[in-house]
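Biologist: Please take a close look at one part of this model for me, the contacts between side chains. I would like one connected account that a first-year student can follow.

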Amino acid sequence: MGDNLAKAEAAYTREESSGAGAAGHLDSTGFSMAKHIDRLFPDASSLDNVDVAAANTGHRLQAVKQEIRRQLRAQSDSHQQQTQSIEATKAAIGELYTRISEMKAKAQTSERMVFDITQDIKALDFAKRNLSQATATMRRLQLLVSGVGQLRQFKEQKRYGEAARLLPAIAGLREGFAEHMRVRAIARLDDEAAGLQRSLGSMAFQEVQRGFDAQGLLVGDAELMHAACLCCAGSEEQARVKDLYCELQLRAYVAIFQLGDDVSQLENVSRRYAWLRRILRNYAEEHAPAFPDAWRMGEELSRRFAHSTRDHLGEAMATRDIDVGHLTAALADTLAFEAQCDKKFGIVRRNGAAVYESSGAPAVSFVGSVSCAFEPYMAVFISGEQAKFEALVRRFRSEPGDDDPSLNVLASSTDLLYQFRESLRQCAALSTGQAMADLAQVFAQSLSSYARSVLVHVLPRISSTTATPLDALRRACLVANTADYCASAAAQLEQKIIEKVDGTLREQVTFAASRDALLGAINSSIGALVGGVDAMCAPALAALTDAPWHDVQTVGDQSEYVLLIASAIEAATSVARASLSGPRYFRSYCDKLASRISERYMTAIVQCQRISEIGAEQLLLDAQALKSVLLRVPSIGADDDAGPPPTYARIVAQGVGRIEALLKAILVPTDPADALVGRFLLLFPAAPRDVFRHVLSLKGVKPTDHPAYLRVLQAHQRQTQLEKQDQLEKQDQADKQSQITSDVPVVAAPTAYATPDPRSSSMPAHVTGRAPASAPLVSRTNAARAKEHSRFGSTTNEHSAQLSPETHYAGQSQITAQRDSTYLNMPDPLGITSGPSTMSEQTSDIDAQSPVLASLAANATATRTKINENLRKFMSTMRRP
């Protein structure tokens, strides 16, 4: 037994050392006591050594406890060593702090020593600075005292030149003593200097005043006066000198051009500017040396003259009637004068601002200084231009004149636009303000008047008796081209005026009304073209109306009147393509022509006395020929035959389709009335009563019999409405059923159940979410009827077959039966019986597993039975007619 225990212990020790028995380690977190005991006592015979195993375990426990005590003692020794290290570190930090404090104290001591040393140096610096300032101030004071003394001396000796050179220096010294005015001596010296300057300026003004006589002639020394003016520079005396000189020079101007004299009238404004030019020439030759160049005395004189002239002209225009010619001439002279003044005095515009060209300093332009007086009276100019254009329009209306064929427009349009350009050029030279905006309105009104009074007036009136209809058509094309040319010119004129007029007035410039009027003239021209073609086709259409269609026995080739219509359309369209300047106008002509010819053809048929069925067939053949003619219209005269545009083809199809519908209705016999009415409703779903009466009249039905047919028509309409209502109700029920079926939850089938593919076309509608092919009876019937309505070219038998009630109800019954079979053959909506195994088999399997599941299965069976019963009741309700 002891050997077995030793072997178990050895094996256990090897497992611990190798790590194979990780779950048996005494120090492992996954230690298992059962496995440990199994290793110690692998069999029953090893239980005899339980005492030995317990002793060994106790020895091992003692060894573990000794190891724990050893580890605790080692840890305690390590803690003591760490505590000693921390204490040593704290002592070192304390010693370092002490040394830093000593160094800080020594630094503060050094700083105080440095401050004491530099304090004396700062005091010396302040003293040096104050001494320098005092020395400089005393030197400037000495200069001021000396300057004031010299200025006093120059004043007494009237030495204006030296005094003028000394004044800026004294002014600078006085500004330096502005902070020392509390010193009485300096204040008295400053007052004395200011008094000397004022006294010197007054003496200089008197000197200049004595230099000119009462007529403004120079009688003094120009050099002395120049020096005296320098003494006045920058003071109030400078403005007094300027006022004095300008008043002396303009005194004669006021006397000569007094209000009320002939010389002061508007037509003599050029003499005013000539007078100023003479004065400026005299100034440049004699008076300029008496004034400093910086004063710009010539510019000041011209500006005072401009202001005076502006007031004079305003008063003159306000007190007398204004002639347009005198107004424009005076304004032109004024604008030229303002431009000459800017050029003479070197004033230019840079970046939108007026500056002097030589120095770039800001300046005030002369532009508008005098011409602004004309602005309130520019309405006279605008009225004159409006009267001129109105006279032109009246002359163009009464005297159309000869037109140049090479221009492709009326000559009157070029004359009118030339007058517009000249008037705009003249107005731009006179004013770019409100007058130009008003002139733009005059242009727009004149263009509108030209379009209504001239272009529409000269349109030819073409009739069947017109001798040269093609020439009249060319005239209509010429009017359309002229209106288009004027519309393009109006857009360019509008843009040009917007560029020239002042920014605040640009929104007032618009030619929208004139463009609308010109567009109306173009439409009228195209209408005249189409009317001309209508007139050319009138004899052929009259032949159609007068033909005995009730006596036609056979259907032959197309009638002769179709050839006449085709030749007239081809000749007129060739002229239109060659004469119209814009392709869009030719397209508009084609569209309107197709609509007009279709309407006239329909009217001609309605005006016939009676049409037999064979006659209607012949007219159908002619209508097809006419349709071919109309479809060729856009290609007549073209380089390539690209076929009619889709829009035009639709217009032709709609127009001729109405004709064919009318003729197909005539093809149906009047007996029985139901067939005629049914055919008519198929061709005309809206059932217009007037068209139905025309059909009856053309078929020879007496007016007394019309009410009977109308009653049948009304009965068919009511029946159709009831059918539609019934179909809508059925469709609503089908939609509701589809919604109910889609809302029923589908229970998962057993594992052996194969889920059908939702994309399969054989699946029912309630599974795929799509309606079955046979379900939408209403939609299919309506689609067929709509398709038949849009196909007027089909044969009579096809229409009759689709209209047949027997066919309709037979198809409905077939569809209903197919729908019922679909519902009856559909799988269980709950998916209970759709698997390969039956419910009883499933229940037996469930019973074998659990009684609770068996109870649930029984409840499911009852629920399935109830749902199937309700579904069959609903299906039977849906099958009811």
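Modeller: Start with Arg515 and Glu494, which form a salt bridge whose closest N and O atoms are 2.6 Å apart. This is a predicted model. The pair links distant parts of the chain, since Arg515 lies in helix α15 (residues 512-546) and Glu494 in helix α14, 21 residues apart. Arg515 is partly exposed, with a relative accessible area of 29%. Glu494 has a relative accessibility of 14% and counts as buried, because buried means under 20%. Side chains of opposite charge can pair when their charged atoms come close.

Helix α14 (residues 469-500) also holds a salt bridge within itself, between Arg474 and Asp471. The closest N and O atoms of Arg474 and Asp471 are 2.8 Å apart. These two residues are three apart in the helix, so about one helical turn separates them. Arg474 is partly exposed at 39% relative accessible area, and Asp471 is partly exposed at 44%.

A salt bridge within another helix joins Lys730 and Asp726, with the closest N and O atoms 3.4 Å apart. Lys730 and Asp726 are four residues apart in helix α22 (residues 706-743), so they too are separated by about one helical turn. Lys730 is partly exposed at 27% relative accessibility, and Asp726 is partly exposed with a relative accessible area of 31%. Elsewhere, salt bridges that share partners join Asp243, Glu300 and Arg304 into one network. A search of the whole structure finds 18 salt bridges.

Now to the aromatic rings. A pair of aromatic rings is described by the distance of the centres and the angle of the planes. The count comes to 21 aromatic pairs. One of them is Phe396 with Tyr450: the ring centres are 6.2 Å apart and the planes stand at 85°, so the pair is edge-to-face. The cut-off behind that name is an angle over 60 degrees. Phe396 belongs to helix α11 (residues 378-398) and Tyr450 to helix α13 (residues 434-455), so this pair ties together parts that are 54 residues apart in sequence. Phe396 counts as buried, at 3% relative accessibility. Tyr450 is buried as well, with a relative accessible area of 0%.

Helix α13 takes part in another aromatic pair, through Phe443. Phe443 pairs with Phe420 at 4.5 Å centre to centre, with 35° between the planes, and this pair is tilted. Phe420 lies in helix α12 (residues 411-430), so the pair ties together parts that are 23 residues apart in sequence. Phe420 is buried, with a relative accessible area of 1%, and Phe443 is buried, with a relative accessible area of 0%.

Aromatic rings can also be grouped into clusters. Tyr253, Phe257, Tyr273, Trp275, Phe305 and Phe337 form one aromatic cluster.

Last come the places where a charge sits over a ring. The charged end of Arg240 sits over the ring of Phe205, 3.9 Å from the ring centre. Arg296 lies over the face of Tyr356, at 3.8 Å from the centre of that ring.

To return to the starting point, Arg515 and Glu494 form a salt bridge between helices α15 and α14, with Arg515 partly exposed and Glu494 buried.

Conventions: Residues are numbered from 1 along each chain as its sequence is written. This is a predicted model: local features need pLDDT of at least 70, side-chain atom pairs count only at pLDDT 80 or more; totals for chains, interfaces and linings use all residues. Side-chain values use heavy atoms; hydrogens and water are left out. Rings of Phe, Tyr and Trp (its six-membered ring) pair if their centres lie within 6.5 Å; planes under 30 degrees apart count as stacked, over 60 as edge-to-face and the rest as tilted. Buried means under 20% relative accessible area, exposed over 50%, partly exposed in between (1.4 Å probe, protein chains only). A charge sits over a ring if NZ of Lys or CZ of Arg is within 6 Å of the ring centre and within 35 degrees of the ring normal. A salt bridge is a side-chain nitrogen of Lys or Arg within 4 Å of a carboxyl oxygen of Asp or Glu.
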